Amino acid sequence: MFLRLPLVLAGLLLALHTSAQTTLLRGAVLDGQTNAPVPFASVGVPRQALGTVADAEGRFQFRVSDSVAARAPRVLVSCVGYQTADLPLSALQAATAVVRLAPLARQLAAVTVRAGKQRVQTFGRMAGSTFMTSRLYTEPGLVSDELAKEQGTIVPLAADCHLRDFNLLVAFNRFRSVTFRLNLYSVKNNLPDQPLLTQDVRFTVQQPRGWVKVDLEPYQLYLRGHREVAVTVQWLHSEAAEGQAKAFGIAAVPQPGHSILTRDKSQAQWQETKPGYLSLYLTADVYRPAKTDQAAQPAPADYVLPDSLRYLQQLQGPVLAELDNPEHYGSNATTGHTVAVSGGQLYYERYGQGTPLLLLHGNGQSIAAFQKQISELARHFEVIAVDTRAHGRSPDHTTAPLTYDLFAEDVHQLLDSLHLPQVDVLGWSDGGNTALKLALAYPARIRRLAVMGANLFPTAEAIEPDFLALLRRQLREAEQHPEAGQPHRARLIRLLLQEPQLSFQAMAAVKVPVLVMAGEKDLVLEKHTRALARSLPQGQLRIFPGATHYAPQEVPGPFNEAVLTFLRRP
């Protein structure tokens, strides 16, 4: 997981501290001009993970150890739109301490709206997948003051833009409500530097999961001259739901070249988790710089991806375990087993009873990718979920190119080892390609076949051209800068660029019923998906409206229903 949980022992020791060992700091934060309370102001000890956030009435209190008070005898009080107050720690020991903040006169750089010179673009990550989650708040038992905790990521940006909205993907929310502050910073040395907002943008999350949209139009936020910004959310207030564990997670993926940025308090140092990218994005009106406008610098070449690619970056790199995965799919010791294959091992897990149903995940994924399918499918089938060679818990000791023929042979060895003469197969992406190879090489082993986002060849006639270009660029990066934690990354990207090499004519040999599925916005072109379904003697087609290549996670209800209806058909 990304954030360290409060240690039980440390919590107990803190609870046992006497007044002689700690110093209570408290007070109220007021507007220096109006004397009105400043709600949710941040209070922190410089360069320390110590502090809190004031409540809606500007009141705050927290404790620091006497040893810290001796080493760092100052406190900073800040809020968006105000000058930061630097106070001696002793000033906050009185019961009636008041901190007055002076309002800032500074405004964001203005932009002249030029008719016909703007376009709407999105910056950040629009993925609907939650293959990994970055937990902002967890509280397993003890009361822990998580106020002021902040988390975000660096987002490339156009040089001249007007922000329209901010969007955040909540992976799970166990609270009745959580209030956040949106912060934007300039970037220095790949870390947040100076705050860019002069208005306090706060929003409240009540939904248990899904996308949260924050309308930024009322704030008239214009940014100019920033090639990238750090976008963060800060925890201000929460209301627990009775009987629910306190936990909140933001969806994320292990994106090479990006980091998840975290600090526990408003004045603590930023910590980086690499690789990682939070599922958040900004939508903006982008203005083209005039030819004589030297101040507006061009945006970097990869500052934004086309619509077809904004959800695709998580394909590369190993998939981390799902943190909101109570059944521990992909790491369940009670159901997990291994079987030897040529040059490696296959890890698999078994659930349920009935007709055997084999689950094959996609490139860079693992068994955990099917966590929204396994429990439902296991009510009707004996589910056998497999980590493909060089994925998840299935080691690969070879260095030769990875192929779908090799993956299919691995599956064949697994079926022999489990003494399964015939199975149903559900394959997603690369898993669908492997399933088609298996049906061609060993037709007697397949009863029914369901494939999601499969393709027959890796060309612009089948795959989004922009995605192929992205893969080629990422392959160059992987070859030039190999990462220790991703030994197979270049091999996996090469697989996507070079395989499979099948034809529509070859599909005539697949005699079993096949359900061909894809998202309406899939990276596999719809015309290719439809042609694949037509080329199969018993092919059926299902396109999920509004979904992408990640339909099993984006629309699990309709997806599971389609698979079950197909597989249970007489």
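**Strand β10 and an eight-stranded sheet**

In this predicted model, Gln151 of strand β10 (residues 150-156) stands opposite Thr262 in strand β19. Strands here are DSSP runs of E with at least two residues, while helices are runs of H or I with at least four, and both are numbered from the N terminus. Because the model is predicted, local features need pLDDT of at least 70 and side-chain atom pairs count only at pLDDT 80 or more, whereas totals for chains, interfaces and linings use all residues. Residues are numbered from 1 along each chain as its sequence is written, and side-chain values use heavy atoms, with hydrogens and water left out.

So who are the neighbours of β10? Four bridges join β10 to β19 (residues 260-263), and the two run antiparallel. Two strands are said to pair if DSSP finds at least two bridges between them. β10 also pairs with strand β17 (residues 228-240), again in the antiparallel sense, this time over seven bridges. Here Thr153 sits opposite Val231.

Strand β10 is also well tucked away: seven of its seven residues are buried, meaning under 20% relative accessible area (exposed is over 50%, partly exposed is in between; 1.4 Å probe, protein chains only). In a regular strand the side chains alternate between the two faces of the sheet. On one side of β10 are Glu150, Gly152, Ile154 and Pro156, on the other Gln151, Thr153 and Val155, and both faces are covered.

Further along, eight strands make an open sheet with mixed pairing, in the order β23-β24-β26-β25-β27-β28-β29-β30. At its edges are β23 (336-341) and β30 (539-544), each pairing on one side only. Neighbouring strands in this sheet are turned by 20° against each other on average, direction ignored. Such angles run from 0 to 180 degrees between N-to-C directions, using axes fitted to C-alpha atoms, for helices over the stretch in contact. Strand β23 is joined to β24 (residues 344-351) by six bridges, and these two run antiparallel; Ala340 has Gln345 in β24 as its bridge partner.

Helix α5 (residues 430-441) lies across three strands, β25 (355-360), β27 (423-428) and β28 (446-452), and runs at about 150° to β28.

Zooming out, the chain holds 10 helices and 30 strands, and 57% of its 570 residues are buried. Of the contacts (heavy atoms within 4.5 Å) with a separation of 6 or more, 77% link residues 24 or more positions apart.
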